[in-house]
Amino acid sequence: MARDVVVIGATVAGLTAARRLASEGFGVTVLDPNPEGASVGIGHGVSACAHASTVANMAAAYGPTSAHEHVRRNLAGMAEIRRVIASGGVAHSEVTLQDHSLGFALARELRDVAALITDSGAEVELLEISDNHRSGAWLSSQAVALDPAVYGAALASQAATAGAVIRYDTTVTHLQRRDGVSLVSHRNNLAWARELDVTRAAAVVDTLGISPWGRIAEVAPSQWVPVIRCRTAEPINAVTLLAGPPVWMIRPDGDEVILLGVKTSPEAYPGAAEELRRWATASLGASEMREAHMVIDPSDHGRPAAGASAIPGGFYARGNGRGELMNGTASGTWLASLLIGSGQHDVALPLSSRMRAQARSVGHRLRRR
């Protein structure tokens, strides 16, 4: 089988890229080793233009240019999320994001961070409080909150409707690059399946870290996040980010509230979960608590590892960039633009792939008429 692009992993990043590429007429196959929906419906389900702590860390580590690029990719990702929501009628809520992720910082400290965000095209407001009891500042912006599993199902459905072929329970076993074409060997997970299928593609997008370039992009071991769903003594209407520990995000979800703790190692998880429980009871009067946890990929100062590899035809999204709603969508949208050639980069797909995509796109429009 010959395709223009093979996407490894039906993650948020993988399906976002597949949806965009298939909508442009490219032949796309998505291969995922997990059952349907297992790779995409994860995370806290909140998307926003930026977090103050992430922008500050990125600017300090890499300079303002990287921080600007991060916000711009997030804005493109949010636009993509809204398109998926509109096309699929996905239930969601528009919420205010109160960003205290730098702690109760002074206004002058946050002013530079706010400028980095607004200079990138996003809308954010600097707010300040000062009284006899406390003083500090934070950033306020608009965000979208939704159920990640519902969104993931809509994203997969739209990618398939656009023409992407999605194969679950399929494990990629080998990758080769020959004469400008990638050979992707894969096998169905059924115990009695013995035959290898081979799909030829002009490019491979790896969101699971199994390719040479995807493994190189691995940044650190996975981390655990304690999660509590509960009811609170007072209603909560806004999403709040805190510097933590023990809590990082407070998110309303209907009549309930979802609390996310800070990232930790599996060994330190029990202690972090207990600390989050105590905080929820003491600070929010939490009741009817139900506990869970998320296992997530870390990122480097908030920057997901995503890009084109030195190996021709290879593209990857790792770290939080593969599965979490905001970073995953931002990474998938950017990778698709890279392959399509609509960004400020050389066109990655060869002329033959673009010609086939154009012909399919024109044919589709003519059939619709």
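**Buried, exposed, compact: what the labels rest on**

Trainee: What makes Asp179 exposed in this predicted model?

Mentor: Its relative accessible area is 82%, and exposed means over 50%, so Asp179 earns the label. You'll find Asp179 in the loop between strand E8 (170-178) and strand E9 (181-188). Its phi is near 50 degrees, a positive value in a residue other than glycine.

Trainee: Why is Glu288 called exposed?

Mentor: Glu288 has a relative accessible area of 51%. The cut-off is over 50%, so Glu288 counts as exposed. Glu288 sits in strand E15 (residues 287-296), and its phi is also positive, near 50 degrees.

Trainee: Thr264 lies in a loop, so how do you know whether Thr264 is buried or exposed?

Mentor: Check the number: Thr264 has 12% relative accessibility. Buried means under 20%, so Thr264 is buried. The loop in question runs between strand E14 (256-261) and helix H7 (269-284). Leaving out residues up to four places away in sequence, Thr264 touches Gln223, Trp224, Tyr269 and Ala272.

Trainee: And the whole chain, with its 9 helices and 17 strands: what makes it as compact as a globular protein of that length?

Mentor: The globule rule gives 21 Å for 369 residues, and the chain's radius of gyration is 21 Å, so the description fits. Along its principal axes, the C-alpha trace spans about 70 × 45 × 45 Å.

Trainee: How much of the chain counts as buried?

Mentor: That's 51% of the 369 residues. As for contacts between residues at least 6 apart in sequence, 69% join residues at least 24 apart.

Conventions: Residues are numbered from 1 along each chain as its sequence is written. This is a predicted model: local features need pLDDT of at least 70, side-chain atom pairs count only at pLDDT 80 or more; totals for chains, interfaces and linings use all residues. Side-chain values use heavy atoms; hydrogens and water are left out. Helices (H or I, at least four residues) and strands (E, at least two) are DSSP runs, numbered from the N terminus. Buried means under 20% relative accessible area, exposed over 50%, partly exposed in between (1.4 Å probe, protein chains only). Contact means heavy atoms within 4.5 Å. The radius of gyration is taken over C-alpha atoms; the globule rule is 2.2 Å times the number of residues to the power 0.38.
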